[in-house]
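Visitor: Please take a close look at how aromatic rings pair in this structure, and then at the surroundings of one further side chain. I should like each term explained when it comes up.

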Amino acid sequence: YSLYARTRLGYLFYQRQVKKARERYPHGHSTPQPCRFPGVKILPIPVLSNNYSYLVIDTGSGQAAVVDPSDPLAVQAAIEEEGVMLEAIFCTHKHWGADLPVHRDHSGGNAALHQQHSSCKVYGSALDAIPELT
């Protein structure tokens, strides 16, 4: 796991896999269904080749948080489709070191989403050096 998650070789392998997946599945890898609870809607967003981000919506206020926004375009599209205000980004962890050009996987969309939604907060572990952490 460390070889894949924390080295340049792992990052290069990851980039290759993402490119292949985007060619094979140009519209995402699956069609998940949202979950609804009283006052809450959880929308899974297919990202990259085999992962999900989750948009968690407070249906009463129209406020939302996103979990692991690896693909900012897919997440932003869901935010716009749902008509919600992004208030928080939660990152469970990230892969690869700060010396690599982008931090994809779980935290890849943090910078772009934080730039578009400047009032939102970014939460995650300082040990993982999550981008845009507030």
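Guide: What follows treats the aromatic pairs, and afterwards one histidine.

This is a predicted model, in which local features need pLDDT of at least 70 and side-chain atom pairs count only at pLDDT 80 or more, while totals for chains, interfaces and linings use all residues. Residues are numbered from 1 along each chain as its sequence is written, and side-chain values use heavy atoms, with hydrogens and water left out.

A pair of aromatic rings is described by the distance of the centres and the angle of the planes. Rings of Phe, Tyr and Trp (its six-membered ring) pair if their centres lie within 6.5 Å; planes under 30 degrees apart count as stacked, over 60 as edge-to-face and the rest as tilted. Searching the whole structure gives two aromatic pairs.

One pair joins Tyr-52 and Tyr-54: the ring centres are 6.2 Å apart and the planes stand at 35°, so this pair is tilted. Tyr-52 is partly exposed, because its relative accessible area is 24%; buried means under 20% relative accessible area, exposed over 50%, and partly exposed in between (1.4 Å probe, protein chains only). Tyr-54 has 33% relative accessibility and is therefore partly exposed.

The other pair, Phe-90 with Tyr-123, is stacked, with 5.3 Å from centre to centre and 20° between the planes. Phe-90 belongs to strand 5 (residues 85-90) and Tyr-123 to strand 6 (residues 121-123), so the pair ties together parts that are 33 residues apart in sequence. Helices (H or I, at least four residues) and strands (E, at least two) are DSSP runs, numbered from the N terminus. Phe-90, at 37% relative accessibility, counts as partly exposed, and Tyr-123, at 39%, counts as partly exposed.

The histidine to consider is His-114, which is found in helix 4 (residues 110-116). His-114 is buried, because its relative accessible area is 17%. Its contacts (heavy atoms within 4.5 Å) are with Ile-89, Cys-120, Val-122, Glu-132 and Thr-134, not counting residues up to four places away in sequence. The side chain of His-114 also reaches the backbone oxygen of Cys-120 at 3.2 Å. A polar contact is a pair of N or O atoms within 3.5 Å; within protein, one must be able to donate a hydrogen and the other to accept it, and residues adjacent in sequence count only if both atoms are side-chain atoms.
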